[in-house]
Amino acid sequence: MTEQIMDCPVCGGKNPELFAEAYDKEYFTSDEKYRYARCEQCTAVYLDKPPTDRLHEIYPPNYYSYGGIENSTTFTERVKARLDRRMLRKVLRGIPGRRLRVLDIGGGAGWMLDVARAASSRVAETHEVDLKKEPAEAAERAGHVYHCMAVEDFTSSQRFDLIMMLSIIEHVPDPRSVLRRMADLLTDDGLLLVKTPNTATLDCRLFRHRNWGGFHCPRHFVLFTAAGLARLGAECGLEVVRSQYTQGAPQWALSVMAWLSDRGMLRISADRPAYTHPVYELLTALFAAVDYARLPFAPTAQIVVTFRRAR
Ligand SMILES: [Zn+2]
């Protein structure tokens, strides 16, 4: 008999359907088969019984994270820095105030905080919450206040003009409590930027049963559609200012690489995770172009929602 799938961690819905089965085809941290379910009620896709007690195992020491902006050496990283700066400049323009306080959740060595400072001279104070100890020194050297803890444990007497949760919400077991906390931490005119994979998209349809990169299996616990994320935000005291799509080249690339490796056409392993393979850089450049070309016509691989406190 197959074990019952747990209730939806977003809405408590009790009618999940099996969405996909997947393996860790990026870091090969185990041979375990994981199950993803889709909630009939709120449309969230979630990992059944996420391994929250095995975080050290599922995030191995070689787990990928960006260095500071000064380390952006590859072509893709330079392009990313430029696009991020342009995006943040636009977002920051929508926030009043002469001295802005910015918070980045899970930002590693502080790449996006560096970008925020470069995007506007009004960014006066930069904070970061991250579980990892290793990037603390680099982040502090760059002038950011580093809070080494889980986002669930972060509290502050200060409020923030801009909070960034880029590729984070999908990693937490209880996105509702995290979004509620973020709503409390926002200033009245502040903005919360949430970026996360999109389940209502072509790459998900193509690779759903083939270790879709968007699962980042087993590290993504909960996945959304734009509508589902907006609905959860509303229930947490947030309203949508802007909802858009952006390219998700890494999840395309990882999907294709898992597919190739299953067919013996590419060798990736625990010692050689997908993102260190030379093919990865090539595929991300290719699929960034594919998604940008599709952007005017179709929802692409990643959702970017800008929230503010509901009025
Ligand atoms: Zn649900």
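**Exercise 1. The packing of helix H8**

Determine which elements the buried residues of H8 pack against, and establish whether H8 is enclosed or open to its surroundings.

*Solution.* Step 1. In this predicted model, the buried residues of H8 pack against E8, H6 and helix H9 (278–294).

Step 2. The buried positions of H8 are Ala 249, Pro 250, Gln 251, Trp 252, Ala 253, Leu 254, Ser 255, Val 256, Met 257 and Ala 258. A residue is classed as buried if 20 or more other C-beta atoms lie within 10 Å of its own.

Step 3. Ten of the 14 residues of H8 are buried, so the helix is largely enclosed by the rest of the structure.

Step 4. The length of H8 can be checked against a rise of 1.5 Å a residue: the 14 residues of helix H8 (residues 249–262) should span 20 Å, and the end C-alpha atoms are 20 Å apart, in agreement.

Step 5. Just after H8, Gly 264 adopts a positive phi of about 70°.

**Exercise 2. The order of the sheet**

State in what order the seven strands of the open sheet are arranged, and identify the edge strands.

*Solution.* Step 1. The order is E6-E5-E4-E7-E8-E11-E10, and the pairing is mixed.

Step 2. Strand E6 (145–148) and strand E10 (238–246) are the edge strands, since each pairs on one side only.

Step 3. From one strand to the next, the twist averages 15°.

**Exercise 3. Strand E5 and its two partners**

Describe how E5 is joined to E4 and to E6, and find the handedness of each β-α-β unit.

*Solution.* Step 1. Strand E4 (residues 100–105) and strand E5 (residues 123–130) run parallel and are joined by six bridges. Leu 100 stands opposite Val 123 in E5, while the bridge partner of Ile 105 in E5 is Val 129.

Step 2. E5 and E6 also run parallel, with four bridges between them. Here His 127 stands opposite Val 145 in E6.

Step 3. E4, H3 and E5 form a right-handed β-α-β unit. E5, helix H4 (residues 136–141) and E6 likewise form a right-handed β-α-β unit.

Step 4. As to burial, E5 is mostly covered, with six of its eight residues buried.

**Exercise 4. Helices on the sheet**

Find which strands H3 lies across and which strands H7 touches, and give the associated angles.

*Solution.* Step 1. Helix H3 (residues 111–119) lies across E4, E5 and strand E7 (160–166), and runs at about 170° to E5.

Step 2. Helix H7 (residues 226–235) packs on the sheet, where it touches strand E8 (186–197), E10 and strand E11 (302–309). The direction of H7 makes about 160° with that of E10.

**Exercise 5. Backbone conformations in two loops**

Locate Lys 49, His 216 and Pro 218, and decide whether Lys 49 and His 216 are buried or exposed.

*Solution.* Step 1. Lys 49 is placed in the loop between strand E3 (45–47) and helix H1 (55–58). Although not a glycine, Lys 49 has a positive phi of about 45°.

Step 2. Lys 49 counts as exposed because it has 12 C-beta neighbours inside 10 Å. The limit for this class is 12 or fewer.

Step 3. His 216 is found in the loop between H6 and E9. His 216 is not a glycine either, and its phi is positive at about 45°.

Step 4. His 216 counts as buried because it has 25 C-beta neighbours inside 10 Å.

Step 5. Pro 218 lies in the loop between helix H6 (202–207) and strand E9 (222–223). The peptide bond from Cys 217 to Pro 218 is cis, with omega near 0°.

**Exercise 6. The chain as a whole**

Compare the radius of gyration of the chain with the value for a compact globule, and give the extent of the C-alpha trace.

*Solution.* Step 1. A compact globule of 311 residues would have a radius of gyration near 19 Å; the chain has 19 Å, so the two agree.

Step 2. The C-alpha trace spans about 60 × 45 × 40 Å along its principal axes.

Step 3. The chain contains nine helices and eleven strands, and buried residues make up 43% of its 311 residues.

Step 4. Of the contacts with a separation of 6 or more, 73% come from residues 24 or more positions apart.

Terms used. Residues numbered from 1 in each chain as written. Predicted model: local features only at pLDDT ≥ 70, side-chain atom pairs only at ≥ 80, totals over all residues. Pairing = 2+ DSSP bridges. Axes fitted to C-alpha atoms, helices over the stretch in contact; angles between N-to-C directions. Contact = placed C-beta atoms within 7 Å. Right-handed = clockwise from strand over helix to strand, strands pointing away. Rg over C-alpha atoms; globule rule 2.2 N^0.38 Å. Expected span 1.5 Å × (residues − 1).
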